[in-house]
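Please open the structure in your viewer and keep the selection tool at hand. The tour below suggests what to pick at each stop and then describes what is there.

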Amino acid sequence: MEQIDWSNLGFGYMKTDCNVRCMYSNGKWGELEVHESEYLSLHMAATSLHYGQESFEGLKAFRGKDGKIRIFRMHDNALRMQDSAAGTLMAQVPVEKFEEAVKKVVKLNERFVPPYESGASLYIRPILFGSGAQVGVRPSDEYIFIVFVTPVGPYFKGGFQTTPFVIMREYDRSAPLGMGKYKVGGNYAASLVAGERAHQLGYSNIFYLDAKEKKYIDECGAANFFGIKDNTYVTPKSTSILPSITNKSLMKLAVDLGLKVEQRSIPVEELATFEEAGACGTAAVISPIQRIDDFDENKSYVFSPDGTPGAICEKLYKKLRGIQYGDEPDTYGWVTVLE
Ligand code: PLP
Ligand code: COI
């Protein structure tokens, strides 16, 4: 096997030994299958290709100091994929099947789980999509569920860092009663133009406001937002954001650290009152925010004038990473240690 340079991995795709698949037809799920091929043969009229009947998940496995592999909160990802399936009229993958597939694909690709010291991890990507042929706008009667893995680098190579975001009111990510709360491909297709524009202007991503009134904070690129002030962790309550499993975890850990937690509508002007702010998600855990520039109103909300992450962001980050790598006790039962 070629040598993998664990400490220089990015967030990209690398071929591994195999993926695990399961097919749904005639109203029921089949057995898990192990495939070495990265390709699949798909009907050209599959509903996923035409009508976006598709969803995906993202979670990680970590190798601890003890050599053991820990998978973080896969039960929650299984439930979220069921919600996405319900929201797109797809067959739901039973939780046990989802968990069995995740454990199997990680076990079979054990050699791709990066060593503890590298700070890298194994990214797990489950996908579910309509594979049956339709031309009318109707749900498929056949589905494919695949879980593949790929090793990914530590998000912050040079250490935990802040980045800038930008508010641009000409772009929406999702509608208040739309699909934003589901992890479906269409939401990401809808974000590409805005994301590219933000990158070209030197920002890490777009900071979305609610699509209806453009008054409240929604999402932070493909991540949830949280702000810290007066010893309180504040995060948006909105029907158009994805319920982030990292955010749910941070809310628990914030309480443990003695903070209050508020999940509520956050008016955009309130940004001026936060002492620290962060974007949270599986990829980075916390991506602390340096500043948010309001492009349309020519305003700038600065959280870190010198670019260093806030103390509470750093504490939360270290605590959650510690649980994921097995350095901190798993008091909430978030971790599955692979046998
Ligand atoms: N919001 C969006 C739109 C996302 O794509 C993600 C990434 O999964 C998140 C938030 C963070 O969710 P999680 O913490 O479950 O990874
Ligand atoms: C995250 O894991 O934080 C994400 O934003 C997932 C993204 C790669 C779709």
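Begin by selecting ligand 1, which is surrounded by 15 residues, the closest being K183, Y188, S244, T246 and T282; a residue is near a molecule when one of its heavy atoms lies within 4 Å of it. Before going further, note that this is a predicted model, in which local features need pLDDT of at least 70 and side-chain atom pairs count only at pLDDT 80 or more, while totals for chains, interfaces and linings use all residues. Residues are numbered from 1 along each chain as its sequence is written, chains are lettered from A and ligands numbered from 1 in the order in which they are written, and side-chain values use heavy atoms, with hydrogens and water left out.

Staying with ligand 1, show the side chains of R80, K183 and Y188 and look for polar contacts, each being a pair of N or O atoms within 3.5 Å (within protein, one atom must be able to donate a hydrogen and the other to accept it, and residues adjacent in sequence count only if both atoms are side-chain atoms). An oxygen atom of ligand 1 lies 2.7 Å from a polar side-chain atom of R80, and for an N or O atom in the side chain of K183 the distance to a ligand 1 oxygen is 2.6 Å. In the side chain of Y188, an N or O atom is 2.5 Å from an oxygen atom of ligand 1. On its own this ligand has 380 Å² of accessible area, and the protein covers 94% of it (Shrake-Rupley method, 1.4 Å probe; for residues, only the protein chains shown count as cover).

Next, select ligand 2, whose surrounding residues are F11, Y188, A222, G281, T282 and A283. Here the backbone is worth displaying: an oxygen atom of ligand 2 is 2.8 Å from a backbone N or O atom of A222, and a polar backbone atom of A283 lies 2.9 Å from a ligand 2 oxygen. The protein covers 78% of the 290 Å² of accessible area that ligand 2 has on its own.

For the last stop, select T162. Is T162 buried or exposed? At 15% relative accessibility T162 is buried, a term that means under 20% relative accessible area, with exposed meaning over 50% and partly exposed in between (1.4 Å probe, protein chains only). A polar atom of the T162 side chain lies 2.8 Å from the backbone oxygen of G307.
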